[in-house]
Amino acid sequence: MTFSVPRPQLPHVTSRVRIAVAVVIALVILLIIWAVFAAQYTDLLWFRSVGYSSVFSRRLVTELLLFFVFGTVLAAVVAANIVVAYRLRPPFRPVSQEQQQLERYRQLLHPYRAWLLAAIAVLIGIISGSSASRHWGTWLLWRNGQSFGISDQQFHRDVSYFAFTYPMQRFVLGMLFAMVAVSLIAVLVTAYLYGSLRIQTPGAKWTPAGRVHVSVLLGAFVLLKAAAYWLDRYGLAFSGRGIVTGPSYTDVHAVLPAKEILVFVAIICALLFFANVYTRNWMLPAVAFGLMVISAIVIGGLYPALIQHFKVAPSAQDLEAKYIQRNINATRQAYGITNAAVHTQNYPGISPKTSAQQRKAVDADVQLRVLDPNVVSQTFEQLQQQRSFYKFENTLDVDRYPTGKNGSLDDVVIGTREIALSGLQPNQRNWINEHLVYTHGFGVVAAQADSAQTDGSPDFIESDLPPTGALTSLQPNHQIQNRIYFGANSPNYSIVGARPGAKPRELDLPTDTAIGQRNNTYSGGGGVPIGSFFHKLLYAWKFKDKNILLSSGVNSASHILYIRDPRARVAKVAPWLTLDGDPYPVVINGQILWVVDGYTTSAGFPYSEKESLGTSTKTSLTGAASAAQSNATINYIRNSVKATVNAYTGQVNLYAWQQNTARDPILATWEKAFPGVVKPQSAMPPGLIEHLRYPEDLFNLQRTLLAHYHVTDPHSFYNGTEFWNVSFDPTVLGNVPQPSYYLTLSPDGGTTPQVFSLTSPLVSLSRRNLTAYLSVNSQPGPGYGHFTLLTLPANAGLAGPGQVQNELDSNTTISPQLTLLGQGGSNVIKGNLLTVPVAGTMLYVEPLYVQASGGQAFPVLREFLAYSNGSAAYQSTLPTALDQVFGVNGLTPAGVQTPTPPSKGGSQTGGSTTPPPPGGTSPTLQQAIAAAQAAEARAQADLRRGAFAAYGRDERALQQALAGIAAAAGSGTHPTPAATSTPAATPTH
């Protein structure tokens, strides 16, 4: 029986309204097209400006390919299923209230069904295509994958399958699942709307044709589930069921067979769904569904749980040993911490040498850094900022330059003087100044890392405006292109360049002339040409700034500079790299280059332990000194690329870096995907390699792993009693891991020569005793990247950094001194607590800075804390602190060393120094003279900073010391002088 209902009458729409609606829709479509075009075309212009348009085109083509292939396939399949469901609709529908209600909608949609179908197909195509295009990296890795030459220990497949092929298989399978699921939903909706499915109508709920259609789709879905079970077998390579990543005993002996059984169960169930095409009832599909559910619960869940509970748990240490060993081997290999890379040796912790020998070993084996790059940035700004619109990074960097005797490399603290628009006065904050005038910073400032001026200010080796000093003298023709147009603090965008003969507009240098500044016109060739009206329009749209289009300051020769942060610049050129959080400046060949370390990472190394990159690399300096890493989970990493960004031209170069390591198959894969983007290591500019260093984020990740994976015996690993922790930073609040520190030292405490290293102490798991000391050779050469792991006796109970800091802070002699140091509103700032192995023992050194109250105050190095062998010291110079902590008198002649002559631009300080005593004087007299010199130096420094109360105390201390000198000199005792050692080559205060 059929029925008819009145066809709904749509409201009359006039032609004028239809035209208006059509115009609005057209405008919206045109606006969307323009926005997409502007974004893509400006990206292309940027890539052309840096010479990497192939990266843009290769990625865009891949994204478009995935978008159209997967979008078209999914849209076509879903649309085809809707058409089939519509054509299989019953010609007659029974009379029911349900069908009467649906007839209204059928009548309403009937004239527009073709348009509606097209709209649904386009929407599904856009959504699915957009989702697929985001997997461009997965596609390229699969298409270009290179062999690792390593097979996993369970499935015996090359690691490249898990790293490149398996993710692609999962992606395709996911898209097929989505295609079938969306098709099924669309068919159910269509079938219900057109009467093939009758939920509330008495009688049969499905028409035969509708049942067949749905059965086929359900069968296809279950068949895909069979494929998923098959792939799940390989997914066990990353299982987290056991105590480590990788297949556990239960996975191998229960889950793996269960997955194989479920494959066959799913295939049988799919065939039962397909059989419903002929049986024409839901009995077989119901049986298939029940079989699937029961099999998944019993075989896939209950059976492995029983094995785990009754067999594995009581004997886990023995049964899991084989699989833990696989995890240990794979993890150490995937993270580059194999036995070949890590040299482990016992370290006594309590030195067998005499105090005098230990003290001499410090001078011979370590360049102790007295400048904390995390503290002295404010000092650099106050002494070298020159103008408020310049700024240094909050944390400076550590590098090496041949400033020592015989051209030896010395550690230096270095920072760039970048432009800071926030430093402009309110009346200077206008569009012209912010985008056309204040366009760049100027020069680097560097200071010796292991010395300071007598007043506590840095010992600058490169300073002033224009910069001069040791770094300039090292460059060809003694010149540096000091202009910094590309840096971490550069403005969002600047427009530079002018027609020939035009008056320079950009502020170059502040001067003492009547004009007050020297101007410049950029000629570095960087940036995107913006002289044409079309390009102005594009960038006015991009930056939402009409002034780009209207300003007369933008001319035919103008270029726009943007994406200026070195890290962001490299990320744009090589989006497949994970970048270290701390780019650093290097001055070579008359240029300032930013060096950015690039990592190739993967989450597809079988059995290797998964780590959160963000969590494992986090320290107390993350976010301030270096950018935080994402929380991506990885289990393989290599520092395979060293990138540079020219601070003047903005040019980006990527160099392969495989020194002392095997070929990286992931880098080789990306090189095949983007040919010519990464240059060989041999193409590095001369002089760059000696400034390269081992990256911090990689080391921080590796030290986190070595805290556990130094244990190579699976039974001990299972117990976990020998695990360590990374020490918390004792100089900050909260339990945050201590940063790793760059130091030049002997990695094993004196047996091997000094080498530039990245270092970190490790402490016990439950307590905070020092258990190990890890360092990695950071100096390019034969030993680069090799670790030295010093393990300390477990029963020695040596103090770790936190315990040492507590001892220094609570020491009855030191604590009152710290209180006095902070009087008068001054703030005492603790520098980095350095841990150093020396002559079989461990030495801790911590510089103390004092920052007076007031807006213009800056930290000044004042005192030193030292700790070793249970002895603590507090002195105004590092040598005297070392003398005290080792219990040695007279090894540092004159107590306070002769101050380093101030470098150009350095702090010019007054004050005299008492001459050193002649040989043969008694130790008592030497100590009295040293005390007098120290008191005089403090008094002069306090007088210069206006601390008159402290100056009075120092003067009284000086008088007491002078009285002691008189008493000692008048005693007439002249014993044989104590053995002396050569003072440190470079003064430290």
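The following exchange goes through some backbone and ring features of a predicted model.

Trainee: Which proline is joined to Leu465 by a cis peptide bond, and where is it found?

Mentor: Most peptide bonds are trans. The bond that follows Leu465 is cis, with an omega of about -10°. The proline on its far side is found in the loop between β9 (458-463) and β10 (468-469), and that residue is Pro466.

Trainee: Is Ala839, which has a positive phi, buried or exposed?

Mentor: Most residues other than glycine have a negative phi. Ala839 has a positive phi of about 50° although it is not a glycine, and it is found in the loop between β31 (834-838) and β32 (841-851). Because buried means under 20% relative accessible area, and Ala839 has 4%, the residue is buried.

Trainee: How is Asn869 classed by its relative accessible area?

Mentor: Asn869 also has a positive phi without being a glycine, at about 55°, and it lies in the loop between β33 (860-868) and β34 (871-875). Its relative accessible area is 45%, and because values between 20% and 50% count as partly exposed, Asn869 is partly exposed.

Trainee: The structure holds 48 aromatic pairs; what kind of pair do Tyr485 and Tyr648 form?

Mentor: The ring centres of Tyr485 and Tyr648 are 5.7 Å apart and the planes meet at 65°. This pair links distant parts of the chain, with Tyr485 in the loop between β11 (483-484) and β12 (493-496) and Tyr648 in the loop between β22 (636-646) and β23 (652-656), 163 residues apart. Tyr485 is buried, with a relative accessible area of 0%, and Tyr648 is buried at 8%. Because planes over 60 degrees apart count as edge-to-face, the pair of Tyr485 and Tyr648 is edge-to-face.

Trainee: How many residues apart are Phe699 and Phe787?

Mentor: Phe699 and Phe787 form a stacked aromatic pair, 6.3 Å centre to centre with 10° between the planes. Phe699 is in helix α21 (residues 696-709) and Phe787 is in strand β29 (residues 787-791), so that the pair links distant parts of the chain. Phe699 is buried, and so is Phe787, and along the chain the two are 88 residues apart.

Trainee: Over which ring does the charged end of Lys225 sit?

Mentor: A charge over a ring is found in the case of Arg89, which lies over the face of Tyr86, at 3.9 Å from the ring centre. For Lys225, the charged end is 4.9 Å from the centre of the ring over which it sits, and that ring belongs to Tyr229.

Technical notes
Residues are numbered from 1 along each chain as its sequence is written. This is a predicted model: local features need pLDDT of at least 70, side-chain atom pairs count only at pLDDT 80 or more; totals for chains, interfaces and linings use all residues. Side-chain values use heavy atoms; hydrogens and water are left out. Helices (H or I, at least four residues) and strands (E, at least two) are DSSP runs, numbered from the N terminus. Buried means under 20% relative accessible area, exposed over 50%, partly exposed in between (1.4 Å probe, protein chains only). Rings of Phe, Tyr and Trp (its six-membered ring) pair if their centres lie within 6.5 Å; planes under 30 degrees apart count as stacked, over 60 as edge-to-face and the rest as tilted. A charge sits over a ring if NZ of Lys or CZ of Arg is within 6 Å of the ring centre and within 35 degrees of the ring normal.
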